[in-house]
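Thanks for making time this morning. I would like to walk you through one structure, taking a strand, a helix, the cores and the aromatic pairs in turn.

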Amino acid sequence: MNEKNEFLLDEESEELFGGLSPFPPAYGAETTCSSVAGVNMPKILPMGRYGSVPAELPKSYKLDSPLVLKREDTISQQINTKTQPKYGHLTSLCIGKRLLSIGTSQGFCLIFEKEGSQRLLHSVQSGDSSFGSISCMDFSVDQTRLSVGFSTGALFIFDTNTKRNSNKFIFKSNDVVQPGRGLIHLKYITSNVLLIVDNGGNVYEFHEKRRLNRRKDGNVRCIFTGCKGEVLNISFVHSSDNSVELLVLATFHQVFLLSVKRRSAAVGQLKLHGSSLSPPLIDWRERVQALSHARAFSLRLCIARDNEARLYQVRQRVGGDLLFPILQILKFSTPLINLKWIDDWSLVAICTTENNIEQLQLVEIPQFSAGERKNLQNQKSTIPTFSVNPFVVLDISESVKLVYNSVDFKGLATGCNVSKAMLAVADSICYHTFIRHPEDNHLYLLGADALFRLQLIELNEQLDSLIERSDFCSALMFVVDICCGKLADRNTTTIATANFRANAFRRIPELVSQLLEQTMDGIDSGHIDELIVYYKQNFHVLIRACVSTSHFNLLYETIYSRVQKDTLCRSTFLEMLEEFVLENVLFQPPPSLVNDYLNYLLCEGQIPQFEQSVIRLPVESMDLHQVMTACKEHQLFDATCYVFNNAMKDYITPLNEQFELLSRFVHKQVLSDHEIVQGNKLLLYLSCCLVGRAYPHGDLPDENLALTVPLETYKFIVQLRSSFSTSSRSSSPQNISPKFNELQSFPHLNILLKFDALQFFNVISTCADAPVFAKCEGRLKRLVDMLISKCVEEEDEENEDIDLINELGPLLITFINGLLQKGAIPKDVYLFTKLIERVFLRRAFPSLRVQKVAEQSAVELLRLVPEIDLDKVLEIAQPVPYIHICAYIFTMRREYFKLLECFLADPLEPFSSFKNLLRQILLSMELCISMRRATRDCVVNELMQKWSNLALKSSCKIEKNIGNDDSSSDSSSDSTPPLERLRRRKVNSIPTITNEERQIVSTVFRELEKAFPLCTSPRPTISCHILKQQSQNLTKHGSSSSLAPT
């Protein structure tokens, strides 16, 4: 199946059918059903006793070839050279609005009705055998006259309004061009002005005079001589409003564009590309768009030769000047001998293969998206070039036997008085046997003994063809695409397409009934698996057709009432219905269908599909007792919430039931995947309820509910006692501790903290700006106070939640920081101080990394609440020490020497921590104001070198002491926690610093303390002399280290 490409011809005009895809969506034998492929369909899972049978759902359907080649039998019978030998063989063809003319080698001009009975209206002969064969013809604009050119150079003009067989010649002459030249082109540009081209490449302008066989001087004038380039092809391009009238002349090397309104003045010149052995081809098309306020016209010109076609747009400026910007270049795989537009999106080309086989190729013109067109505008030097692949290829070598105009272009009737270039290209010319009228979408081909019409298939013809061969499945999918606006008839107007769409919509019930009968009849023979596949494919099409076109009554009353009588059909139909239930596209399904469908899912054990179906079906069509029983049995939280919320407007009962469920497993050390999912759903439900939204998405149906539900949810969270029993975690009452009842205050809050405290804090932080908290400042503060009170509880060996309390502290500090940054809660200095004391006095961090994160959170809290007593915090932090807390306080107080002593006791990465903090001190406190940059860098480098030496000594001593302690602690019964023992070892293993080293480093820090004292007096200038002297001492006494910064 070929992918469809559309073509946007210019940027200022829209699609003719308002954005609809042109018909057909892809040329070829198979096309995609857009009503199916346009929907993101979930994979059909195997279900039930017959679910193991794989079935590929129909996403495409067969279409006939979009290119229809018909033989015009009525006319062909009248021009058959075998039955009418007096005519000779056929030579040329001319198409008008209502008439059709065919020329012969014996000088006969046969004029037929184009439509209707297609009878022969006139059979005109020149009466002079010396005129030779007819080489070219053209109707006047009003179809009242027909000009006929002969291979000997003669010309006569015939009045088509005369009665049959009454030959009235308006003009007749054999010397309108140079002697020895034959006529190869005739083209009317006005009602009485005719352009003539001879086989010498000369172009003449002929003005008619209504006097037989008499013409005055000046009736014929040469407007283009062949010595400037022999003209091979000619075309008259004009718009419907006659604002643009352009004459296009194609020579061997270039194309000249002449303005008719300016007396054939040149307005443009285009270069021809490709081999000169191929004829130059010209065709144009006007595209009319019916907009809301006016009609838009757009002219496009196609110029081709060899295997390349170039598309140009004809634009007119405000002053009347014409521009010819190139749109794109199309590359063909075979040489072209003729090329015509067949509609606004497609071209039909006649090509010859290497074996000289003539082919008709239908080519779609590529379309640019808005983004691609913008990129092309930015890259003005780039011309979009496409290698086109034909969607339809028809071999016409034997069926049509196309007539060529080689004899006339070679000048055989005048003694071959033509150039060698003309002789070389003449064998490939069929200008006058492959014709299209500018206002028609039909192409005509003149064969050796017949006339053929080429057109795109229409929608009604395609539909009738599908029905005729009893392919009701493809016919229904085809009609659904038309009704949904996926397909538009390119051969008709927008109004005609809309009318056909309405007629197609009315035919859907008939097609559904026919396909249903065909489905119920089953297959003639085969295995039961084949029958199931057959049912699945057809039921899917039936359901999709009814849903896409809103024929729900047809689905519920006609299809299901017929299907439910057969067990196999019923189960297969319900299986196919699942996809559309999950897409939530069923409108008001009846209770019988809903209950049968849900029962089917339960019987087949499809519990996930059951839950997803419940939340998408209307509650008024369900058996609530059946649904709630299944939800409780299988712990389906989503379905339970949906039924309670929509059927009973109850949003608290699902919370109560889910909390009772969590209380049964929240005390486990390891939770299963199902239990984690249940807890996460509860957190999401809490988030939706607190912000006044529906679960899991959408808005609440009533404004009153948006006000009451968040408040009820908040009260439920902070509820002091629960309505369900919390002792279900214990197997017997004897196992409950004496203080168990005290610990079960605020049970709902405890359950949430035990399940996932971090995610619960994220939920509250997300909902902090919700109306339930924003309109009442005390609610969120009260919740935070309860959490702090939970965290600052006194340690008790019988308290089963002591591990939770220890983990809760660092998380709670981070949570409070976020609320303070949002301004959601006020500052409570006492409680925040109490929280920091309890968290860091316990010293119960599971790892040093957790301790580091807790310290950083505490530092952030100290920054946000500067009113906290730093001395009290320092009393707790300095003995341990808590490095980050101490560093923050010492930095705030400019006590850098104490900061240095503090970092010597860092059990983690003393060198990295000191390095980053030192650079922050020296660079952020405007030290560069009182110290030159060179001196500052010297101090930094020397301090880092000295500190690296000390850190290296410290790390070696620490590793040695740790090894000794570990070897001796195996047999000991020390009850000190391992983390505390490791901290003590690292603190006690600080290396002995010599007095000289201590004096050098402390001198520099004292200078920093003098420069940045706590008092508000002016800062003294750092003594650069002292800093340099100390730097020299560091260089003498300090040894280089690999840890020193570079």
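Before I turn to the strand, let me fix one term: I will call a residue buried when its relative accessible area is under 20%. Please also keep in mind that this is a predicted model.

With that cut-off, let us look at strand β27, residues 358-364, where seven of the seven residues are buried, so the strand is largely enclosed by the rest of the structure. E358, L360, L362 and E364 point one way from β27, while Q359, Q361 and V363 point the other way, and all of these are buried. As for its partners, β27 runs antiparallel to strand β26, residues 346-352, with seven bridges joining the two, and T352 stands opposite E358. Five residues lie between the strands of this hairpin, and N356 takes a positive phi near 60 degrees there. β27 also pairs with strand β29, residues 392-395, in the antiparallel sense over four bridges, and here L360 stands opposite L394.

Now to helix α10, residues 528-548. Its 21 residues, at 1.5 Å a residue, should span 30 Å, and the end C-alpha atoms are indeed 30 Å apart, which agrees. Of those 21 residues, 16 are buried, so α10 is largely enclosed by the rest of the structure. Just after the helix, S550 takes a positive phi of about 65 degrees.

Which residues have the most contacts inside the largest nonpolar core? They are I816, F840 and I885, in a core of 85 residues. Helix α21, residues 747-766, gives the most to this core, namely ten residues. Since domain 4 (649-723 + 744-776) and domain 5 (795-893) both give residues to the core, it lies between them. If we leave aside neighbours within four places in sequence, I816 is in contact with V784, I788, I825, F832, L835 and L861. Apart from this core lies another, of 73 residues, with F539, V541, L593 and C631 among them.

Finally, the aromatic pairs, of which a search of the whole structure finds 23. One of them, F158 with F169, is edge-to-face, at 6.2 Å centre to centre and 65 degrees between the planes. F158 lies in strand β10 and F169 in strand β11, so the pair ties together parts that are eleven residues apart in sequence. F158 is buried, with a relative accessible area of 1%, and F169, at 18%, counts as buried too. Both belong to a cluster in which ring pairs link F131, F150, F156, F158 and F169.

Notes: Residues numbered from 1 in each chain as written. Predicted model: local features only at pLDDT ≥ 70, side-chain atom pairs only at ≥ 80, totals over all residues. Heavy atoms only, no water. Expected span 1.5 Å × (residues − 1). Buried < 20%, exposed > 50% of the residue type's maximum accessible area, 1.4 Å probe, protein only. Pairing = 2+ DSSP bridges. Core = buried A, V, L, I, M, F, W, Y, C linked by side-chain atoms within 4.5 Å. Domains from an automatic or database assignment. Contact = heavy atoms within 4.5 Å. Phe/Tyr/Trp six-rings, centres within 6.5 Å; stacked < 30°, edge-to-face > 60°.
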